[in-house]
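Welcome, and please load the model in your viewer with a cartoon view and sticks ready to toggle. We will go from one selection to the next.

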Amino acid sequence: MTFGSYAEFTMVPSKHILPVARPDPEVVAMLTSGLTASIALEKAAQMDSGKTVLVTAAAGGTGQFAVQLAKLAGKGHCDLWRKDKAKLLKDLGVDRVIDYKLKISKLTNSLKVFIVYESVGGEMFDLCLNALATYGCLVVIGMISQYQGEEGWKPRAYTGLCEKILAKSQTVAGFFLVQYAHLWQEHLDKLVDLYSSGKLKVAVDPKPFLGVHSVADAVDYLHSGKSVGKNDHGRGFAVAINLQAEELLPAKTSKLLHQSKCGQYHKHRG
């Protein structure tokens, strides 16, 4: 895994390759969404005791993993999403589903939220911070509400942040997956084992998006809030990987890779 963009072919250094038993959509969903949840909860949130975990966008690509990993770790948790996604969350074992349109602080007064897994940003961040208990930790893994706009991604000022975390000895931690590459394989193996043993469910949104030409529609769908689970907008893409020695690739793939390098490749759908 590495930085890049939407493409039918890409080349990456072999050190960024993670071997998987099979490239099922459920396994592919683990590579970013699953690893983010698994590593962030362990390293950034230090989830090592039976404390309540609050997950925002809990029915989304990474939220669904955070929900289940918290449950497997024996943590009580409440999770935030829209009412129309409550069934999926209940199927994943959520203890309490909270409609994000309601005031979180009112609904969490009876709970002590010690860990927040936050991916929405904006007003949701403010609400979650207000619900965080003394000594609590809020982990920011994204801010999807701020990604779209006429001028693109604009930073937001969170007024009073320093005063709030000081008053309750709280922690706000950022988590970016690429900085934890040394843990990818370990956590991926764990997720695959949990999935194979039936202890982990992976929801992949059923709406199909095939080929590069569908990327814009897939991204719009993702930001619409209608998607459930992982939005598999990579489905149907053919990917050629540089293993440092092209002779390690199957002959057909190696030929296509060579053609793409020379600018002779036009379109191929796997």
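## Stop 1: just past H2

Start by selecting Gly74, which comes after helix H2 and has a positive phi, near 80°. This is a predicted model, so keep your confidence colouring at hand if you like.

## Stop 2: helix H2 itself

Now step back and select residues 63-72, which form H2. Is this helix enclosed or open to the outside? Of its 10 residues, 8 are buried, so H2 is largely enclosed by the rest of the structure. To see them, show Gly63, Gln64, Phe65, Ala66, Val67, Gln68, Leu69 and Ala70, the buried residues of H2.

## Stop 3: H1 against H2

Keep H2 on screen and add residues 25-44, helix H1. Two packed helices are described by the angle between their axes and the distance between the axes. Here the axes come within 8 Å and cross at roughly 45°. An angle between 35 and 65 degrees counts as oblique, so H1 is oblique to H2. The crossing is right-handed.

Which residues make the contact? Show these as sticks:

- from H1: Ala29, Met30, Ser33, Gly34, Ala37, Ser38 and Leu41
- from H2: Phe65, Ala66 and Leu69

Colour them by type and you will find 7 nonpolar, 3 polar and no charged residues in this contact. The three H2 residues on the list, Phe65, Ala66 and Leu69, are also among the buried residues of that helix.

## Stop 4: two loops with a positive phi

Most residues other than glycine have a negative phi. The next two selections have a positive one.

First, pick Gln46, in the loop between H1 and strand S1 (52-55). Its phi is near 50°, and it is not a glycine. Gln46 is exposed, with a relative accessible area of 54%.

Then move to Ser169, in the loop between helix H6 (161-167) and strand S6 (171-174). Ser169 also has a positive phi, of about 50°. With a relative accessible area of 45%, Ser169 is partly exposed.

## Last stop: the whole chain

Zoom out and select everything. The chain has 9 helices and 6 strands, and 43% of its 270 residues are buried. Switch on the surface: the chain exposes about 14,400 Å², with carbon and sulfur atoms supplying 55% of that area. If you draw a contact map, look at the pairs with a separation of 6 or more: residues 24 or more positions apart account for 66% of those contacts.

Notes: Residues are numbered from 1 along each chain as its sequence is written. This is a predicted model: local features need pLDDT of at least 70, side-chain atom pairs count only at pLDDT 80 or more; totals for chains, interfaces and linings use all residues. Side-chain values use heavy atoms; hydrogens and water are left out. Axes are lines fitted to C-alpha atoms, for helices over the stretch in contact, and angles run from 0 to 180 degrees between N-to-C directions. Helices (H or I, at least four residues) and strands (E, at least two) are DSSP runs, numbered from the N terminus. Angles under 35 degrees count as roughly parallel, over 145 as roughly antiparallel, 65 to 115 as roughly perpendicular and the rest as oblique. A crossing is left-handed if the near helix is turned anticlockwise from the far one by less than a right angle, and right-handed if clockwise. Contact means heavy atoms within 4.5 Å. Ala, Val, Leu, Ile, Met, Phe, Trp, Tyr, Cys and Pro count as nonpolar, Asp, Glu, Lys and Arg as charged, and the others, Gly among them, as polar. Buried means under 20% relative accessible area, exposed over 50%, partly exposed in between (1.4 Å probe, protein chains only). Accessible areas come from the Shrake-Rupley method with a 1.4 Å probe; for residues, only the protein chains shown count as cover.
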